[in-house]
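User: I am new to reading protein models. Can you take me through one, feature by feature?

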Amino acid sequence: MSRDATGFALSVLNQFAGSSLADKFGLRKLIETISYSSTKKGFQAVGLASRQFKAVNKLLNPARLTAPKQGNNLFDLNISDEQKMIRENVQRFSTEVIRPISAEANDACKTAQDIFLQAQTLGLIYCSIPESLGGAAAQRSQMTNALITEDLAYGDMGTAISLMAPIGVASAISQWGSAEQQGKYLPTFLDDDSPVASIAVNEPTPLFDPYDLKTTAKVIGNSYVLNGVKSLVPVGLNSELYLVAAKVIEDNQETEQAVFIVESSTLGLSVKEDNSMGIRASSLARLKLDNVEVNKAQRLGLDKEFSYQAFVDNSRLGWCSLAIGTCQAILDYVIPYCNERVAFGEPISQRQSVAFMISDMKIDLESMRMLTLRAVSRAENGLNFQKEAFLAKVMCAEKAMNIATNGVQLLGGHGFTKEHPVERWYRDLRVIGLAEGGIHL
Amino acid sequence: MNLETPKKFSALINQAYQVANEVFRPISRKYDNAEHSYPKELDMLAAVMDGMNDGDIHGGAGAGKLSKDKTRQSEGIKNGTNMSTVLGLTELCWGDVGLALSLPRQGLGNAAIAAVANEEQLVRFKNTWASMAITEPGAGSDSANISTTAKEDGDHYILNGEKIFVTSGERSDAVVVWATLDKALGKAAIKSFVVEKGTPGMEVSRLEHKLGIKASDTATINFCDCRVPKENLLGNPEVDVKKGFGGVMETFDNTRPVVASMAVGLARAALEKTKELLSGSLDQATAKNSYASPINNASYVDAELYRMEADLEAARLLTLKAAWMADNGLPNSMDASIAKAKAGRTCNYITLKCIELCSSVGYSELELLEKWGRDSKILDIFEGTQQIQLLIIARRLLNKTSAELK
């Protein structure tokens, strides 16, 4: 019998309890909180009814996370013990739970309720919500989020996007939200029926540029009035909360790009299914904003702390992490295949034309990884990371597609059929070069 | 995780940069033209470099002190000699690859000594400038197939054979020679020997005329009944068939990141110069939205520059990773090959593309871009060609022996 949600939750707890790392270092705050939440959480379905967000936690000042402590200034590729423990669990979840249902999720164009529930037991969102609001984050956690994203994508990219979308919204509100916004929205993400949420940046136009948005936010009195169409919005049909990027227009003058927190119950908002070439499990949707009026207080980052550039780049690094996880899955799939597949009397992997393709995939994957990790670690440490994030995206966009197309090529005609996942990874990875928004580290 | 260059290396990087900018660049063209003439400016520099090496416990900018830390005492993370070497050489090769290769006592032979020598040998060869002799007319990439022989005779080994493509082979004080104790025993019988200049039976017979790195001499050396003291065999004289090539090949784990770092420095030079020459005709250099709007919305030349910069950054970080692994005693054969392959191909691509983007200005001898385009080719060839790196990576990933995946 396969493992159900309860079974998986128990196995996760067991893993935490039995971990030698936990014994050696003592259970850290984060792990404690996650373990607690895992037992507390029931397995009722997430409520899809339109939710009323209320200020449950009144903060005087927004809770801001700081950079993680750096022991020394040395070059170091190691991750923390805490991150190792989290990764172990996510990787198990990814291979034991997500991968087996990935074809099904692709066909159904959605991530099953059951998967959301099982993922909840991992408590991943706790890393993105400050301690003072009930989360477990004492420091910025872009690196942890990047690693989680990568590991989830190893199971299935579309599912990873579904699971990371709400975490991205929580993370952005943690980073830039006002005290009021944080108090109103962040605690709900820790509830048993935490809201589905997503980030809407992309627009249905060729050569889309997030620095030249067509969606507008007109200042009228004490409100912004939003108009436009957003595309590539993950879990768009079910989301109860959107972060919408738009160009601000004040006194008929276009000013800067900004991001608005829009609740799904707001008038003028409509969504439409927009199934695409790949990442189908993420239930992509288009979001139409027809004179959607939101209070001025709904603009993300009312103070100068907000950086649209950092918002865009945090999203790009999320896509880079998805690309890395999916490309690792491809590499791990083609290696045994090429070792087993015999042609001309020997495994095809013993031919240089095949073997060198695999070497190139590895070189490209490690290139993607290094650029992404550097950008993420700079972001987490509060350094400027615009250039690094941009270059990481450039690298991942090009190399991920190369890896994907060669992944199919190495399986030949078999790769072209649905008997193997490489055709899905091919469709999924086409999105890296064009994706903006959607998720956020 | 921290992938920034540690502050403790700032002084070293700056020193190397000063040498590259003040000494190498001004004489770069001169010794490209005057192939085979010794860059005497380097003698003065050698003393400075020695000073830098001795003064800094973490090692200097040259390859002379590379070694893998096999006896780690402390638990912490180390940024040591491998890291400092790649950082220093990146700067030096930003100045001139040929001249950097000609720096006395910083040869790849010194890296080989550092990698496999015992304690006594390390002390004895401390101040020896050693070059590296592996390739033969009949065996290049296929280095397990060398035919230079070393026959035991009393207190000596007698070497016979011909070595080609020995970098600094004429100028160095000694040559580290790969030779087989018994060809029938295969690659396990290949050992390395330090042969000092002036040893009877050793003769530099020819200097190559080359495409690039002309400031560096590339020699053919003949060994004819050349008697080498037994204590000059580096490492263990036993032929351990199980361990095979391990001993001598370990050198490459340290030297491949070094050659990768040379490629990173050269590629950076070309890219910087190209951006400088293109400024004015570029959006990227001036526009406020550089590194912002998607690459597909940029002009062709901007997009090309972005891609090259991304590749260069990847090469640089992969090189640091391989060096970091060596410093921390982690097995890094595959990562050293990944760094070398990525940096080699990237450097060659960038230097050639930059010439093309700068049109006749790039092609002319009035700029150094055309020279860099010639210099870069060797970096994708020596210390293992691009194809050899791909083989090593593939064998490791696919778990194949060298007999299965040829």
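**Reading a two-chain model**

Analyst: Start with burial. In chain B, 54% of the 406 residues are buried. Keep in mind that this is a predicted model.

User: What share of the 441 residues of chain A counts as buried?

Analyst: Chain A has 55% of its residues in the buried class.

User: How many helices and strands are in each chain?

Analyst: Chain A has 13 helices and nine strands. Chain B has twelve helices and seven strands.

User: How do I tell whether contacts link distant parts of the sequence?

Analyst: Look at how far apart the partners sit along the chain. Take the contacts in chain A with a separation of 6 or more: 78% of them are between residues 24 or more positions apart. For chain B, the share of such contacts joining residues at least 24 apart is 74%.

User: How far should I trust chain A? What is its mean pLDDT?

Analyst: The mean pLDDT of chain A is 90. A value of 70 or more is reached by 88% of its residues. Now look for weak spots. Residues 41-49 of chain A have a pLDDT below 50. That stretch has 15 contacts in the model beyond near neighbours in sequence.

User: Into which domains is chain A divided?

Analyst: There is domain 1 (5-43 + 78-195), domain 2 (200-298) and domain 3 (308-429). Domain 1 is written as two segments. Next, ask what touches what. In chain A, 18 residues of domain 1 are in contact with 13 residues of domain 2.

User: Which helices supply the domain 1 side of chain A that touches domain 2?

Analyst: Helix 5 (102-108), helix 8 (157-176) and helix 9 (179-185) of chain A each give at least two residues. Helix 8 of chain A has the largest share, eight residues. Sort that side of domain 1 by class: nine nonpolar, six polar and three charged residues.

User: Can I read the contact between the chains that way? How many residues does each chain give?

Analyst: Count each side, then find the elements. Chain B gives 39 residues and chain A gives 36 residues. On the chain B side, helix 8 (300-327), helix 9 (333-357) and helix 12 (386-398) each supply at least two residues. Helix 8 of chain B brings the largest share, eleven residues. By class, the chain B side has 24 nonpolar, seven polar and eight charged residues.

User: How do I check the length of a helix?

Analyst: Compare its end-to-end span with the expected one, at 1.5 Å a residue. Helix 10 (residues 308-340) of chain A has 33 residues. From first C-alpha to last, helix 10 of chain A reaches 49 Å, close to the expected 48 Å. Helix 10 of chain A is also mostly covered, with 24 of its 33 residues buried.

User: Now helix 1 (residues 10-33) of chain B. What should its 24 residues span?

Analyst: They should span 34 Å, and the end C-alpha atoms are 33 Å apart, which agrees. Still, check for bends. Helix 1 of chain B has a kink of about 50° at Phe24(B), shortly before the proline Pro26(B).

User: Why do residues three or four places apart in a helix point the same way?

Analyst: An α-helix has 3.6 residues a turn, so residues at that spacing point the same way. Now look at the buried residues of helix 1 of chain B. Among them are Leu12(B), Gln15(B), Ala16(B), Val19(B), Ala20(B) and Val23(B). Phe24(B), at the kink, is also buried.

User: What about backbone angles? Which sign of phi does Glu383(B) have?

Analyst: Its phi is positive, about 60°, although Glu383(B) is not a glycine. Glu383(B) lies in the loop between helix 11 (369-379) and helix 12 of chain B. Asn399(B) also has a positive phi of about 60° and is not a glycine. Asn399(B) sits in the segment after helix 12 of chain B.

User: Is Glu383(B) buried or exposed? And is Asn399(B) buried or exposed?

Analyst: Count C-beta neighbours. Glu383(B) has 25 other C-beta atoms within 10 Å, so it is buried. Asn399(B) has 12, so it is exposed.

User: What lies between those classes?

Analyst: Take Met401(A), in helix 12 (residues 386-415) of chain A. Met401(A) has 18 C-beta neighbours inside 10 Å, so it counts as partly exposed. Leaving out residues up to four places away in sequence, Met401(A) touches Leu429(A), Arg430(A), Ile432(A) and Gly433(A).

Definitions and conventions. Residues numbered from 1 in each chain as written. Chains lettered and ligands numbered in written order. Predicted model: local features only at pLDDT ≥ 70, side-chain atom pairs only at ≥ 80, totals over all residues. Contact = placed C-beta atoms within 7 Å. Helix = DSSP H or I, 4+ residues; strand = E, 2+ residues; numbered from the N terminus. Nonpolar A, V, L, I, M, F, W, Y, C, P; charged D, E, K, R; others polar. pLDDT = per-residue confidence, 0-100. Buried ≥ 20, exposed ≤ 12 C-beta atoms within 10 Å, placed from the backbone. Domains from an automatic or database assignment. Expected span 1.5 Å × (residues − 1). Bend = angle between axes of the 7 residues up to and from the residue.
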